[in-house]
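User: Could you take a close look at one part of this model for me, the open sheet and what packs on it? I'd enjoy a connected walk through it.

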Amino acid sequence: MANIPASQVDSQLAIALEKIEEVVVAMLSETSGVPLQTIKSFRTVLTNVCSGADLISWLMKHLRIYSREEALCLARTIASHGYIHTVPDCKLTAKDDATSHRFQNQYFWPSACNEVTVHNYAVYLCKRMISNKSRLQLDEWELEVFTKLRRQLEKRWDLIYMEADAKYKVEKKKDKAQKRINETQERAFWNLHRPPPGAKNVLEADIKKVRMDENGFGPRHGKARVSLQLAAAKMSEDALNHALDDAMRKVDDIRQLFLKQRIKSSSAAESLIKKTSQYATYDPLLTTPTPSNPWISDDNAFWQDNNKKAVPPQKQVRRWCFSLDDLLSDPQGTMIFLKYLEKEFSAENLRFWLAVEEFKYCPLSSINSTAKEILRDYIGNNAVYPINVDQRAVELVNERMLAPNHSTFDPAQNQIYTLMKTDTYKRFLKSENYLSLLRDTPQSRRGIVDAIKGWRSPNK
């Protein structure tokens, strides 16, 4: 590793190249290395080559690798760094079959070569253009690079051409077999330093990422891959059922997303404008509240109404018909709604809802006692004021009572809220209790004041 540039010393790449070269030197040993052979076929002779199967077998035997997949991954890592290439296509990869492979000359090793320049690459491409042999013709992407380099180095192109022509004449005088070896090794060398489009440049990429195969395992992680496969094979039936349940649950969630109703942006904008217009008159920043604020005006109507426990004004009453939430958020509206439910013999629904709302903000020290009181008063066949909920909600509440918290009664409360919203709330808006407030006559005022005075607290 003495020829490695100073910028690469103590780097991850230098350490990786050093370890790879130790393996390659052992593979090139005349006594115990990979067996090299000469393959003759019609009009071609391949010298100093080995099959991919022999390459993998040698790695398994001498490096104590027990999986051909792991050995193949290591061979591909060695090839991707420019030490092995296939013949005759000169690709930097390895195959576990009868494909011919050739070791790169030590002169072309990444640790032995000096800095690679654009001038050297231009000379190489120009030399291949001078030759009229089909095996030395440039690929399409190499032609594009050749054209760009010719425009870029236009002032020095004559010198480049002369240098390429001189090298071509020298190599032409060499032995035919040795000349073909030099051609393939030089081409593999430039495939490493100037890789084709889409290929990784391992000399510039992170060595840890380059060594990962398509499954995310590196050459040292073959045992981890095998252990994961064995674990999956030995997975118990319960674990498989659990995994299947999780997958079905995810499928149901995705199906619900597809079934979820969606509205157009124009419709959403119209709804937003409608709601804003509806609540604009109740916004104290946009309209003057009635009665006016006595702290910033001379009007004492606010204090007088509070002392007399007056009936809410029509503006406040009209807001109750917007939604059930608007009605229950107003204390006076809640009182009148409860008085109406007492006439319908369903006041326990609202009392339960109010009790659960208060329970959500109770201190942790009193959660158990308060939850037991609510359960005793409203839920179950033996409850004092039983509410109208289904058996499933009762079972959920009883399960949560084993470790009560602020959301213990949510299943039952949601059902009660839906029941009031779809049934009793609509009838309340059509009842005399509500319509008399809208008429705002002296008789209706007296009746409502009496109703408010006679209202009983939900806690009693």
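Analyst: Happy to; here is the sheet, from its strand order to the helix that packs on it. This is a predicted model, in which local features need pLDDT of at least 70 and side-chain atom pairs count only at pLDDT 80 or more, while totals for chains, interfaces and linings use all residues. Residues are numbered from 1 along each chain as its sequence is written, and side-chain values use heavy atoms, with hydrogens and water left out.

The open sheet has four strands in the order β1-β2-β4-β3, with antiparallel pairing. Strands here are DSSP runs (E, at least two residues), as helices are runs of H or I of at least four, numbered from the N terminus; two strands pair if DSSP finds at least two bridges between them. At the edges stand β1 (37-41) and β3 (84-86), each with a single partner strand, so one side of each is left without a neighbour in the sheet. From one strand to the next, the twist averages 50°; axes are lines fitted to C-alpha atoms, for helices over the stretch in contact, and angles run from 0 to 180 degrees between N-to-C directions.

Let's turn to one pair. β1 and β2 (residues 44-51) are joined in the antiparallel sense over four bridges, and S41 stands opposite T44 in β2. Helix α7 (residues 176-193) packs on the sheet, where it touches β2, β3 and β4 (100-103); contact means heavy atoms within 4.5 Å. The direction of α7 makes about 85° with that of β4.
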